[in-house]
Amino acid sequence: MENESDKVTMIRALSIKVFNPRSRNKFRHAEITKSIDIAGEADSGSDAISMAAQVKPDVVFLDVEMRGLNGMQTAAILRGVVPDTLVVFATAYDEYAVQAFELGAIDYILKPFEMDRIHTTIERINGYKPMEW
């Protein structure tokens with residue numbers, strides 16, 4: 001019989017211009033797919049906003065550089081559209097991390113992704129509790 005502690009909560013996610021074939025394969029690794037469901041992928045900020053409004057994901061993975069709106073602009077708009085959705089930046093640009101956290105991102109991971117770092121991000125998403133002021 002399965003214990004409550006053995007159950008894994010599936011994270012519903014959107015990926016916005018984050019995954020190239022190599023990083024997509026890492027996220028689809030067997031352990032990861034037990035906890036994350038990539039419910040949609042887009043390659044622009046405006047597509048991300050529309051998709052998030054429909055899907056209402058638990059988390060959106062954003063890159064900094066995207067077609068149209070950049071990741072920072074997209075994150076700011078997502079806050080108003082889907083305020084309960086978490087944002088994780090997954091990018092090759094380390095210089096935007098402070099701005100990302102100022103926009104409410106819960107994590108900022110650098111490409112190329114390492115499996116240990118992906119696991120840390122998933123643990124952070126699963127353990128996230130909004131701050132109470």
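**A guided reading of the predicted fold**

At a relative accessibility of 37%, Glu65 counts as partly exposed, because that value lies between the 20% limit for buried residues and the 50% limit for exposed ones. The model in which Glu65 is seen is a predicted one. Glu65 has its place in the loop between β3 and α4. Its C-alpha atom is separated by 9.5 Å from that of Gly45, although the two residues are 20 apart along the chain.

Gly45 leads to helix α3, where it is buried together with Ala48, Ile49, Met51 and Ala52. A general property of helices is useful here: an α-helix has 3.6 residues a turn, so residues three or four places apart point the same way. After α3 comes Lys56, whose phi is positive, near 50°.

From these details one may turn to the chain as a whole. The chain contains six helices and five strands, and their order along the sequence is β-α-α-β-α-β-α-β-α-β-α. Of the 133 residues in the chain, 39% are buried. When contacts between residues at least 6 apart in sequence are considered, 64% of them join residues at least 24 apart. The surface that the chain exposes amounts to about 7800 Å², and carbon and sulfur atoms supply 50% of that area.

The pairing of strands can be followed in β4 and β5. Strand β4 (residues 86-91) and strand β5 (residues 107-110) run parallel and are joined by four bridges. One of the bridge partnerships is that of Thr91 with Leu110 in β5. Between β4 and β5 the chain passes through helix α5 (residues 97-102), and this β-α-β crossover is right-handed.

The interior remains to be described. In soluble globular proteins, nonpolar side chains tend to be buried together. In this model the largest nonpolar core has 18 residues, and those with the most contacts inside it are Leu62, Leu78, Val87, Phe89 and Ala100. At least two residues of this core come from each of α3 (45-55), β3 (59-62), α4 (71-81) and β4. Another core lies apart from it, with 14 residues that include Ala13, Ile36, Ile106 and Ile118.

Which residues does Ala100 contact, once its neighbours within four places in sequence are left aside? They are Met72, Phe89, Ala105 and Tyr108. Of these partners, Phe89 is itself listed, with Ala100, among the residues that have the most contacts inside the largest core.

Definitions and conventions: Residues are numbered from 1 along each chain as its sequence is written. This is a predicted model: local features need pLDDT of at least 70, side-chain atom pairs count only at pLDDT 80 or more; totals for chains, interfaces and linings use all residues. Side-chain values use heavy atoms; hydrogens and water are left out. Buried means under 20% relative accessible area, exposed over 50%, partly exposed in between (1.4 Å probe, protein chains only). Contact means heavy atoms within 4.5 Å. Accessible areas come from the Shrake-Rupley method with a 1.4 Å probe; for residues, only the protein chains shown count as cover. Two strands pair if DSSP finds at least two bridges between them. A crossover is right-handed if, with the strands pointing away from the viewer, the path from the first strand over the helix to the second runs clockwise. A nonpolar core is a set of buried Ala, Val, Leu, Ile, Met, Phe, Trp, Tyr and Cys residues joined through side-chain atoms within 4.5 Å.
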